[in-house]
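Subject: Structure handover

Hello,

Here is the structure I said I would pass on. My notes on what was found follow below it.

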Amino acid sequence: MSLKYPQPRKDESSIDEYHGTKIADPYKWMEDPDAEETKAFVKAQNDVTSPYIEKCRYHKKLNERLTEVWDFAKYSCPFKRGSRYFYFMNTGLQNQSVMYVQESISAEAKVFLDPNKLSEDGTVAIRGYAFSEDGEYFAYGLSASGSDWVTIKFMKVAEIKDLPDVLERVKFSCMSWTHDGKGLFYNCYPSQEGKSDGTETTSNVFQKLFYHVLGTPQSDDILCAEFPDHAKWMGGAEVSDDGQYVVLSISEGCDPVNRLYYCHLETIDHKIKEKLPWVKLIDNFEAEYEYITNVGSIFTFKTNLNAPRYKLLNIDLQNPEKANWKDLIKESDVDVLEWAGCVYNDKMVLGYLHDVKSVLQLHALNTGELILRFPLDAGSVTGFSGRKKDTEIFYLFTSFLTPGIIYHCDLTKDPLEPVVFREIKVKDFDATLFQTTQVFYSSKDSTKVPMFIVHKKDIELDGSHPVWLYGYGGFNISITPSFSVSRLVFIKSFGGILAVPNIRGGGEYGEMWHKGGSLGNKQNCFDDFQYAAKYLVDTKYTSANKITINGGSNGGLLVAACANQQPSWFGCVIGQVGVLDMLKFHKFTIGHAWTTDFGCSDKKEEFEWLRKYSPVHNINVPEDGIQYPSTLLLTADHDDRVVPLHSLKFIATLQDTMRDVKTQTNPLVIKVDTEAGHGAGKPTAKVIQEYADIFAFVAENLKLEWR
């Protein structure tokens, strides 16, 4: 299928100057999503892409197969609030998971909140929730069309009845009730010019912390903290386990560092009437301090202070000098402490990562001593519930070949024995037909990088298998084993292989691994990913023209940069909601928060890093008659995290660069979804449609045969 691409206007006069260097920005006009010209360009691109994908040989078959395999019941861990238990469940193809309530863990479940009833097309999703301490009131956030903007509503739990309170202009918010149940802390942004529906690009700055008293209008809410001298600061509040303190964690970007203030509510007689008298416990951005629990004035924090793999630290608020701080659980020599929670009054559950596989342990709160290591297969703990007042815990285990097992452990019993509470099953899926291997390959600088490889058992290593190579590599985020029916369709239907390298920039080995792939070291991410592909070719799993690279958001940046740098190493590029204009990303919505990982073109040294790999600015015709890989970009009109202008500018530049290159027959296309955002809360129907489009495009361009 030969494609005729749109020819958008190139504004040759649009030139930006960075530290004496002039950089052309001919598609700058695409930064206005409401301009008729931008809308026409989006429509023209969709008018090329949609018919192309619909004509792909396996599009209909993939849609049917994905719908069929997606239709299995999915459950979250149950959790206790007050005297009741709650959990989320999706019967299979519901657009949004439904929240259920039980009077006891064995009682019949009733529907508590069904977001599917809030919109006809399933595009209204629950985004955050919080119960009052006694479990009688429920606050929940709703997001429309995938936007980060949230509206908070309230319910009376016993009656399952909505209350009239509504909170607007909420984004990146905490939700924490005071223990008297009178109200909760939340964050919102000042009113801005123009719209706030997720299709705008306005920068999100000057977030404020408010306290809402139940039964009063939002206009009466009490301002508890603001930072007028620091536009990027964001402060989330959490009420301590004992209800005596409010802990304020202040961040200014995505780095794992924060300031930490607190207010002892006794000093204001537990009456919140004005800005709180915050005590500044930590007043710098040198490390991360995450509140875990407290016993009186002794607070336990998870921190990376002089501990890149994290540890637990005790600080006594009555003797807060640094010399008095005490390690409760020291940093592990090899494992990364990912999270911790206090349970059954004086115990702690700790979640570690060992070579990208979850480890779950129970420790004593007063001494830090190890009590028990929970038995786990190689995979991920992706759900956990249990609080200080609870006598039981639930945890959800998953892996590449395990849809999900929910375990329950009664902490009052001796010995402690986790039992299977519920197993998630996929019909016609036999895990014994597949295998998962973890390898450690050498990157360009000889750093050893782990990679998971999943495929059918007993395949012949003859270089013939199509590979789905997925990566992220940023923001201290660890990509751990997860179950995906869509990827299994690729493996089963096309004899495919899934490969997931844990490249630098992520958190798989702690802060050193993160820093090894951020700021001036960002090229390490791209090298690690490219060398994963090289390993798969060298070991005869596949050939370069059979490799599809895929990533979203920061991973969208990854695959675009790799395609620019090594176009002959890949057959197909699937870039979802990518950050692609590295010189301007900080100017839109919450982009300013990412400068902690990327740097910022406002600074000369950082501009020099960014211009070397910024995907929009590094598109060239490949040498020696090599084609640019078949490329499908995906973005959405309500993505107010990574705004669509990144993808629009990239595809316009790519199509323009390759337009008259006779050897370029591989398609270079984009699909812009409507009523959708960055990905969170996306309805099941849209997810299935998107994966049918993606795999049909890949099968067509890699000439795959259905098996």
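**Helix packing**

H2 passes H3 in a right-handed crossing. This is a predicted model, and everything below should be read with that in mind. The two elements are helix H2, residues 59-70, and helix H3, residues 485-494. Their axes come within 10 Å and cross at roughly 125°, which makes H2 oblique to H3. On the H2 side the contact is made by Leu62, Arg65, Leu66, Val69 and Trp70. H3 contributes Val485, Ser486, Val489, Lys492 and Phe494.

Trp70 also appears in the surroundings of threonine 684, a residue of helix H10 (residues 684-701). Leaving aside residues up to four places away in sequence, threonine 684 touches Trp70, Asn90, Gly92, Leu93, Gln94 and Asn95. With 8% relative accessibility, threonine 684 counts as buried.

**Nonpolar cores**

The largest nonpolar core has 122 residues, and Leu469 and Phe598 have the most contacts inside it. H10 supplies the largest share of this core, nine residues. A second core, separate from it, has 20 residues, among them Ala225, Ala237, Tyr261 and Leu276.

What does phenylalanine 598 touch, not counting residues up to four places away in sequence? The list is Phe475, Leu519, Lys522, Asn554, Leu557, Val579, Met582, Phe585, Trp609, Leu610 and Tyr613.

**The seven-stranded sheet**

Seven strands form an open sheet, in the order S8-S9-S10-S11-S12-S13-S14, with antiparallel pairing. Strand S8 (124-131) and strand S14 (222-225) are the edge strands, and each pairs on one side only. From one strand to the next the twist averages 35°.

Two of the pairings in this sheet can be described in detail. S8 runs antiparallel to strand S9 (residues 137-144), and six bridges join them. Alanine 125 has serine 143 in S9 as its bridge partner. S8 and S9 form a hairpin with five residues between them. Glycine 135, in the turn of that hairpin, has a positive phi of about 75°.

Further along, strand S11 (residues 161-177) and strand S12 (residues 183-188) run antiparallel and are joined by four bridges. Here serine 176 stands opposite phenylalanine 185 in S12.

**Strand S24 and its partners**

Is strand S24 (residues 347-354) largely enclosed or largely open? Seven of its eight residues are buried, so S24 is largely enclosed by the rest of the structure.

One partner of S24 is strand S23 (residues 336-343), with which it pairs in the antiparallel sense over seven bridges. Leucine 337 has tyrosine 352 in S24 as its bridge partner. The hairpin of S23 and S24 has three residues between the strands, and tyrosine 344 there takes a positive phi near 45°.

Strand S25 (residues 357-364) also runs antiparallel to S24, and eight bridges join the two. Methionine 348 stands opposite histidine 363 in S25. Two residues lie between the strands in the hairpin of S24 and S25, where aspartate 355 takes a positive phi near 50°.

**Backbone details in loops**

Three loop residues are worth a look in the viewer.

- Proline 415 lies in the loop between strand S29 (402-410) and strand S30 (419-423). The peptide bond from aspartate 414 to proline 415 is cis, with omega near 0°.
- Aspartate 458 is in the loop between strand S32 (448-456) and strand S33 (467-470). Its phi is near 60°, a positive value in a residue other than glycine. Aspartate 458 is exposed, with a relative accessible area of 77%.
- Threonine 589 is in the loop between strand S36 (572-576) and helix H7 (595-598). It is not a glycine, yet it has a positive phi of about 40°. At 0% relative accessibility, threonine 589 counts as buried.

So the two loop residues with positive phi sit on opposite sides of the burial cut-offs, because buried means under 20% relative accessible area and exposed means over 50%: aspartate 458 is exposed, whereas threonine 589 is buried.

Regards

Methods: Residues are numbered from 1 along each chain as its sequence is written. This is a predicted model: local features need pLDDT of at least 70, side-chain atom pairs count only at pLDDT 80 or more; totals for chains, interfaces and linings use all residues. Side-chain values use heavy atoms; hydrogens and water are left out. Buried means under 20% relative accessible area, exposed over 50%, partly exposed in between (1.4 Å probe, protein chains only). Contact means heavy atoms within 4.5 Å. A nonpolar core is a set of buried Ala, Val, Leu, Ile, Met, Phe, Trp, Tyr and Cys residues joined through side-chain atoms within 4.5 Å. Two strands pair if DSSP finds at least two bridges between them. Axes are lines fitted to C-alpha atoms, for helices over the stretch in contact, and angles run from 0 to 180 degrees between N-to-C directions. Angles under 35 degrees count as roughly parallel, over 145 as roughly antiparallel, 65 to 115 as roughly perpendicular and the rest as oblique. A crossing is left-handed if the near helix is turned anticlockwise from the far one by less than a right angle, and right-handed if clockwise.
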